[in-house]
Amino acid sequence: MALQVLGITLSMMGFAGTIIICALPMWKVTAFIGTNIVVAQVFWEGLWMTCVYERIGQMQCKLYDALLDLDPSLQAARGLIVTTMALACLAFLIFLVGADCTNCLSNPRAKARIVVVSGITFMLSGLTAVVPVSWTADSIIRDFHNPIVHEALKREMGAALYVGWVTAGFLFVGGAVLCTSCPPEQHNYSPRYTLSKTDTHSGYAIKNYV
């Protein structure tokens, strides 16, 4: 049970992190390089909105106008993050069925297998979380070093990307711990006695040898 508690704790921390990176508009942050040294405003870009943070402490956010006008990579990132949250929720529900602290099932072998399925689902959610985060980071780095992209359009990696990598790690490690929490199956072999040829032809009773 200790491994199950550790695994589900790490996994739920990863699930909470997924919700945070989905809501945070800090995937891309303004890069102050070259002639772009205006620090009065900082632009943040997220999955669902863009925000402008002013030096005086005010922040204004605006949702993206049209879905079809968005970059395909942003649309894919949205879908993968939503898929991550859906897989994490499903994995948690599966875990509740097979956890040692619940009484949904009475068969211990069936409960152990269900916990393993839950762990595999959490690991899949970790993979779907790390793909959009790494994809976005690679796009930011390529545009940053691309001389064709204007300096005003270059961005840096925001805090949401770093939180996303940690989140994916929690989901993957938590799922792996749940997979290892399944105890090995024990096979009970019943002793079998066979009659040898000498026993069948001997005059002694079989009970003398038992």
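Q: Where is the place of Leu-47 among the strands and loops?

A: In this predicted model, Leu-47 sits in the loop that lies between β2 and β3.

Q: Does a place in a loop settle the matter of cover, or must one ask separately: is Leu-47 buried or exposed?

A: The term buried applies under 20% relative accessible area. Leu-47 counts as buried because its relative accessibility is 2%.

Q: Which residues are in contact with Leu-47, leaving aside its neighbours within four places in sequence?

A: A contact is judged by heavy atoms within 4.5 Å. With those neighbours set aside, Leu-47 is in contact with Ile-21, Cys-22, Trp-27, Tyr-64, Leu-74, Ala-77, Arg-78 and Ile-81. A separation can also be given between C-alpha atoms: those of Leu-47 and Gly-79 are 9.9 Å apart, and the two residues are 32 residues apart along the chain.

Q: How many residues does the hairpin use to join β2 to β3, and how many bridges join these strands?

A: Pairing is read from bridges, and at least two are needed between two strands. Strand β2 (residues 41-45) and strand β3 (residues 49-54) run antiparallel and are joined by 5 bridges. The hairpin between them passes through 3 residues. As a point of reference on these strands, Glu-45 stands opposite Thr-50 in β3.

Q: Which residues of β2 are on its covered face, and which are on the uncovered one?

A: A strand can be read face by face. In β2, Val-42 and Trp-44 form the covered face, while Gln-41, Phe-43 and Glu-45 form the uncovered one. Trp-44 also serves to locate another pairing, for Val-29 stands opposite Trp-44 in β2. Strand β1 (residues 28-30) is joined to β2 by 2 bridges, and these two strands run antiparallel.

Q: In what sense do β3 and β4 pair, and which residue takes a positive phi in their hairpin?

A: β3 pairs with strand β4 (residues 59-63) in the antiparallel sense, over 5 bridges. One of the positions to inspect is Cys-51, whose bridge partner in β4 is Cys-61. The hairpin of β3 and β4 has 4 residues between the strands, and there Gly-57 takes a positive phi near 105°.

Q: Turning to the surface, which residues make the nonpolar patch?

A: Ile-120, Leu-124, Leu-127, Phe-172 and Val-173 make a nonpolar surface patch of about 420 Å². The elements that contribute two or more residues to it are α3 (108-144) and α4 (159-180). The largest share, 3 residues, is from α3. Phe-172 is found in helix α4 and counts as partly exposed because its relative accessibility is 36%.

Q: Which residues does the UniProt annotation "transmembrane region" cover?

A: An annotation comes from a record and may be set beside the model. The unreviewed UniProt entry places "transmembrane region" at residues 6-24, 76-102, 114-137 and 157-179. Over residues 6-24, the chain is 95% helix and 0% strand, with the end C-alpha atoms 27 Å apart. Over residues 76-102, the chain is 85% helix and 0% strand, and the end C-alpha atoms are 37 Å apart.

Notes
Residues numbered from 1 in each chain as written. Predicted model: local features only at pLDDT ≥ 70, side-chain atom pairs only at ≥ 80, totals over all residues. Heavy atoms only, no water. Patch = residues over 30% accessible without salt bridge, like charges linked within 9 Å, V, L, I, M, F, W, Y side chains within 5 Å. Areas by Shrake-Rupley, 256 points an atom, 1.4 Å probe, with all protein chains shown as cover. Salt bridge = Lys/Arg side-chain N within 4 Å of Asp/Glu carboxyl O. Buried < 20%, exposed > 50% of the residue type's maximum accessible area, 1.4 Å probe, protein only. UniProt positions renumbered as here; feature names shortened; annotations may be inferred.
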